[in-house]
Amino acid sequence: MILAVDVDYKETSALVAGVSFNTWDDSHPKRVYTSCIENINEYEPGSFYKRELPCIFSLLKEHKLKPDIIVIDGFVYLDGVKKIGLGKHLYDSLRKETIVIGVAKRPFKDIGYDYAIYRCRSRKPLYVTAEGVDLNQAFEAITQMHGEFRIPDLLKKVDQVCRRKC
């Protein structure tokens, strides 16, 4: 199972959403999951993962999810290689048993164009980083995802779901 996750914050709470699917070109989710998290950690500059990881783990635990691959809205590596981002922290926390692919809409200051992919006819890239899988396979997977626009349909879906109210 592939699981795309996203989190939306409201003051001291967050809604984390997950959309599961079986193949990269699926047009509709197999299932949609949500978890409402209260009393979340404050945002700490440079340590975003401390706020986001507990939310993702709550979703996984509450719904007893054990995906083979998790797609996050963000970076695995902030520079593509060694500067650890949310995705690398997630990968390590999952004992390196679950592939993590990060898809970011905007570049981080240290990320190069080697991590940019263009979907469909978009002139704006997505930035893809990964752990547990070859980077070219991650590029291919995100490129294959269903949708006619820059952001794949299922990634749009998880973003929309997490913006609902708890």
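This is a short talk through the sheet, the helices on it and the pockets of one predicted model.

Okay, let's start with the sheet. It's an open one with seven strands, and the order across it goes β3-β2-β1-β4-β5-β7-β6, with mixed pairing. The two edge strands are β3, residues 31–38, and β6, residues 116–117; each has a single partner strand, so one side of each is left without a neighbour in the sheet. As a quick reminder, strands of a sheet pair through backbone hydrogen bonds, and they can do that parallel or antiparallel.

Now let's zoom in on β1 and β2. β1 covers residues 2–10 and β2 covers residues 13–21; they run antiparallel, with nine bridges joining them. If you want to find your way along that pair, V7 has V16 in β2 as its bridge partner, and K10 is partnered with S13. The hairpin has two residues between the strands, and E11 there takes a positive phi near 50°.

On to the other neighbour of β2. That's β3, also antiparallel to β2, with eight bridges between the two. S13 turns up again here, since S13 stands opposite E38 in β3.

So is β2 buried or exposed? Nine of its nine residues are buried, so β2 is largely enclosed by the rest of the structure. You can see it on both faces: S13, L15, A17, V19 and F21 point one way, A14, V16, G18 and S20 point the other way, and all of them are buried.

Next, the helices on the sheet. Helix α3, residues 135–144, lies across β4, β5, β6 and β7, and runs at about 130° to β7. Then there's helix α4, residues 153–162, which packs on the sheet and touches β1, β2, β3, β4 and β5. The direction of α4 makes about 150° with that of β2.

One residue to pick out in α4 is Q160. Q160 counts as exposed because its relative accessibility is 51%, and the cut-off is over 50%. If you're wondering how Q160 sits relative to R119, they're 41 residues apart in sequence and 20 Å apart in space, C-alpha to C-alpha.

Last topic: pockets. The largest has a volume of about 710 Å³. Its lining has 25 residues, and F48, D73, G74, F75 and L78 lie nearest the centre. Which elements give two or more residues to that lining? Those are β1, α1 (49–62) and α2 (86–93). β1 gives the most, with four residues. By chemistry, the lining of this largest pocket splits into twelve nonpolar, five polar and eight charged residues.

The second largest pocket comes in at about 220 Å³. Its lining is F57, L60, L65, K66, P67, I70, L94, R95, E97 and T98. That divides into six nonpolar, one polar and three charged.

To wrap up, keep β1 in mind when you look at the model: it pairs with β2 through nine bridges, α4 touches it, and it gives four residues to the lining of the largest pocket. That's it from me.

Definitions and conventions. Residues numbered from 1 in each chain as written. Predicted model: local features only at pLDDT ≥ 70, side-chain atom pairs only at ≥ 80, totals over all residues. Heavy atoms only, no water. Pairing = 2+ DSSP bridges. Contact = heavy atoms within 4.5 Å. Axes fitted to C-alpha atoms, helices over the stretch in contact; angles between N-to-C directions. 1 Å grid on protein atoms, 1.4 Å probe; cavity = no way out; pocket = protein on both sides within 12 Å on 5 of 7 lines; lining within 4 Å. Points joined across faces, edges and corners; volume = space filled by probe spheres on them. Nonpolar A, V, L, I, M, F, W, Y, C, P; charged D, E, K, R; others polar. Buried < 20%, exposed > 50% of the residue type's maximum accessible area, 1.4 Å probe, protein only.
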